[in-house]
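Biologist: Before we use any labels for this protein, I would like to see how each one is earned. Could you take me through the reasoning step by step?

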Amino acid sequence: MAASENKVLLDNNNDAFALKIKNEPIYFEQSWDTGIGGGLWSTGLAMGKYLESQHLETNLQRTFYTRKEKLNVLELGSGNGFLAVCLLAYLKDRIENLVVTDLDDDHLALMKQTMNSNHHLPNHDRVTLMEHKWGHFVPTATTESNNNDSSIIKAQVQSGTVCFDLIIGSDVAYHPDLYDVLIQSLCRFSTSKTIILLGVTMVDTRPMFFHKLCENGFCYERYADHLLHPNFRGSTFGIFVVQKKNKEDRF
């Protein structure tokens, strides 16, 4: 994870943060007792601030609006649920399913707490919180059912038999030991139409990660500084858009 100086200093008593996305307030309480995923790191805040802009809207319209209106969304390595509630505020009724995952179940209670703190946001019934160990898939029996059924979604994620329209992750490639398994999950959950947004602290994520992305059939681009909130320009933080290549790709 990012170095300790990348912790976000929050307002008031340093235990809560409010952000507005599309006029919806976002509430978050830190809990460092749960581990490194319990706090709000600068990269996560940078991605939340990015969702305040219209740039993602342009990408979504270009990629999806001629094909579908509802989106299946996945967050990898959520930790605390902050970006998940930002996505709820941003996408609103365009969410078909929002699956919020972490590497282990230690943070599920904190993720649920963050969801409950933002009960004013729509479509909580379309949110599934679950554990997902990157690169680990277990064959499970599934039956045909409405995709809003949380048990079906969980089984599909566990078996790696579902693809998403939008995948988001913040500070997920922070150690070389995670590169291969993270990319395995990206491969299983994406198509060439999937938009993958990764928030990266460049001092933690080595060039090897991006080389491995290319070796596994992905292309990537770092968003220009002017697309970030002014507080995060000219820093070591970056937001990368990643997509699978296909024969028509010209990157």
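**From values to labels**

Modeller: Of the 251 residues of the protein, 51% count as buried, and I should add at once that this is a predicted model. The secondary structure comes to 7 helices and 9 strands, while the accessible surface is about 11,600 Å², of which 48% belongs to carbon and sulfur atoms. Among contacts with a separation of 6 or more, 75% are accounted for by residues 24 or more positions apart.

Biologist: What makes α1 roughly parallel to α3?

Modeller: The axes of helix α1 (residues 42-50) and helix α3 (residues 82-91) come within 10 Å and cross at roughly 0°. Angles under 35 degrees count as roughly parallel, and therefore α1 is called roughly parallel to α3.

Biologist: Which residues of α1 and α3 meet, and how many of the residues in that contact are nonpolar, polar or charged?

Modeller: On the α1 side there are Gly-44, Leu-45, Met-47 and Gly-48, and they meet Phe-82, Leu-83 and Cys-86 in α3. By class, the contact of α1 with α3 has 5 nonpolar, 2 polar and no charged residues; the glycines are placed in the polar class because Gly is counted there by definition.

Biologist: How do you know that α3 is mostly covered?

Modeller: In α3, 10 of its 10 residues are buried, where buried means under 20% relative accessible area. The buried residues of α3 include Val-85, Leu-87, Leu-88 and Tyr-90, as well as Phe-82, Leu-83 and Cys-86. The helix is followed by Lys-92, whose phi is positive, near 50°.

Biologist: Why is the pairing of Glu-57 with Lys-22 called a salt bridge?

Modeller: The closest N and O atoms of Glu-57 and Lys-22 are 3.5 Å apart, and the rule asks for a side-chain nitrogen of Lys or Arg within 4 Å of a carboxyl oxygen of Asp or Glu, so the pair qualifies. Glu-57 lies in helix α2 (residues 55-64) and Lys-22 in the loop between β1 (16-21) and β2 (24-29), so the bridge ties together parts that are 35 residues apart in sequence.

Biologist: What links Glu-57 with Arg-94, and where do the two residues lie?

Modeller: Their side chains meet in a salt bridge, with an N to O distance of 3.0 Å. This pair also links distant parts of the chain, with Glu-57 in helix α2 and Arg-94 in the loop between α3 and β4 (95-102), 37 residues apart. Lys-22, Glu-57 and Arg-94 are thus linked in a network of salt bridges.

Biologist: Are the members of that network, Lys-22, Glu-57 and Arg-94, buried or exposed?

Modeller: Glu-57 has 11% relative accessibility, which is under 20%, so Glu-57 counts as buried. Arg-94, with a relative accessible area of 16%, is buried by that cut-off. Lys-22 stands at 33%, between the limits of 20% and 50%, and therefore counts as partly exposed.

Biologist: How many salt bridges does the rule give, and what makes Lys-133 and Glu-131 a pair?

Modeller: The count comes to 5 salt bridges. One of them joins Lys-133 with Glu-131, the closest N and O atoms being 3.2 Å apart, where the cut-off is 4 Å. Lys-133 counts as partly exposed at 42% relative accessibility, and Glu-131 counts as partly exposed at 30%.

Notes: Residues numbered from 1 in each chain as written. Predicted model: local features only at pLDDT ≥ 70, side-chain atom pairs only at ≥ 80, totals over all residues. Heavy atoms only, no water. Helix = DSSP H or I, 4+ residues; strand = E, 2+ residues; numbered from the N terminus. Buried < 20%, exposed > 50% of the residue type's maximum accessible area, 1.4 Å probe, protein only. Contact = heavy atoms within 4.5 Å. Areas by Shrake-Rupley, 256 points an atom, 1.4 Å probe, with all protein chains shown as cover. Axes fitted to C-alpha atoms, helices over the stretch in contact; angles between N-to-C directions. Parallel < 35°, antiparallel > 145°, perpendicular 65-115°, else oblique.
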